[in-house]
Amino acid sequence: MPDSPSQFPPGPSPDPNKVSEPERWTEILQQADRASYQLLAIEVWAIAKTMDTIVPGFWSRFMANRQVALKQFLERKQNRQASQRSSSPEG
């Protein structure tokens, strides 16, 4: 864990005279979080591009499988919630 704000990546920083210390740290952490998500997106794209080069059609098959898995997950979640409602003492 960084000990000072200077250890975070540079970015637009709020005016220290107008912002409290917790607000300043919150902004710094939010900037670091956004940077992490951007790096993750680049890594995922690079892996997908590489796999699609090695195995043509990899990405389209992966996305099709992901859609099926998501649909199954949502159906199981809805069924679980419905069974919990029907077995509750109020229902």
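Rings of Phe, Tyr and Trp, the last by its six-membered ring, form a pair if their centres lie within 6.5 Å, and planes under 30 degrees apart count as stacked. The exercises below apply this to a predicted model.

**Exercise 1. Determine how many helices and strands the chain has, and check the span of helix 1.**

Solution. The chain contains two helices and zero strands. Helix 1 covers residues 21–54, and helix 2 covers residues 58–87. For the span, take 1.5 Å times one less than the number of residues. With 34 residues, helix 1 should therefore span 50 Å, and its end C-alpha atoms are 50 Å apart, which agrees.

**Exercise 2. Identify the aromatic pairs of the structure and classify each one.**

Solution. The structure holds two aromatic pairs. One of them joins F58 and F62, with 6.1 Å from centre to centre and 20° between the planes. The limits for a stacked pair are centres within 6.5 Å and planes under 30 degrees apart, so the pair of F58 and F62 is stacked.

Next, place this pair in the chain. F58 and F62 both belong to helix 2 and are four residues apart, about one turn of the helix. An α-helix has 3.6 residues a turn, so residues three or four places apart point the same way.

W59 and F62 also both lie in helix 2, three residues apart, which is again about one turn of the helix. W59 and F62 form a stacked aromatic pair, at 5.3 Å centre to centre and with 25° between the planes. Taken together, the ring pairs link F58, W59 and F62 into a cluster.

**Exercise 3. Decide whether the residues of the ring cluster are buried, partly exposed or exposed.**

Solution. Buried means under 20% relative accessible area and exposed means over 50%, with partly exposed in between. F58 has a relative accessibility of 24%, so F58 counts as partly exposed. W59, at 35%, is partly exposed, and F62, at 38%, is partly exposed as well.

**Exercise 4. State which residues make the nonpolar surface patch, and which helix gives the most to it.**

Solution. Y37, L40, V44, W59 and F62 make a nonpolar surface patch of about 500 Å². Both helix 1 and helix 2 supply at least two residues of this patch. Helix 1 gives the most, with three residues. For the surface as a whole, the chain exposes about 7900 Å², and carbon and sulfur atoms supply 58% of that area.

**Exercise 5. Find the buried residues of helix 1 and state what they pack against.**

Solution. I28, Q31, A32 and A48 are buried in helix 1. The buried residues of helix 1 pack against helix 2. Over the chain of 91 residues, 5% are buried.

**Exercise 6. Locate the salt bridges and describe the exposure of their residues.**

Solution. Side chains of opposite charge can pair when their charged atoms come close. The structure holds two salt bridges. In one, R24 is joined to E21, and the closest N and O atoms are 2.7 Å apart. R24 and E21 both lie in helix 1, three residues apart, about one turn of the helix. E21 is partly exposed, with 42% relative accessibility.

In the other salt bridge, R34 is joined to E27, and the closest N and O atoms are 3.6 Å apart. R34 has a relative accessible area of 43% and is partly exposed. E27 has 24% and is also partly exposed.

Methods
Residues numbered from 1 in each chain as written. Predicted model: local features only at pLDDT ≥ 70, side-chain atom pairs only at ≥ 80, totals over all residues. Heavy atoms only, no water. Phe/Tyr/Trp six-rings, centres within 6.5 Å; stacked < 30°, edge-to-face > 60°. Buried < 20%, exposed > 50% of the residue type's maximum accessible area, 1.4 Å probe, protein only. Areas by Shrake-Rupley, 256 points an atom, 1.4 Å probe, with all protein chains shown as cover. Patch = residues over 30% accessible without salt bridge, like charges linked within 9 Å, V, L, I, M, F, W, Y side chains within 5 Å. Salt bridge = Lys/Arg side-chain N within 4 Å of Asp/Glu carboxyl O. Contact = heavy atoms within 4.5 Å.
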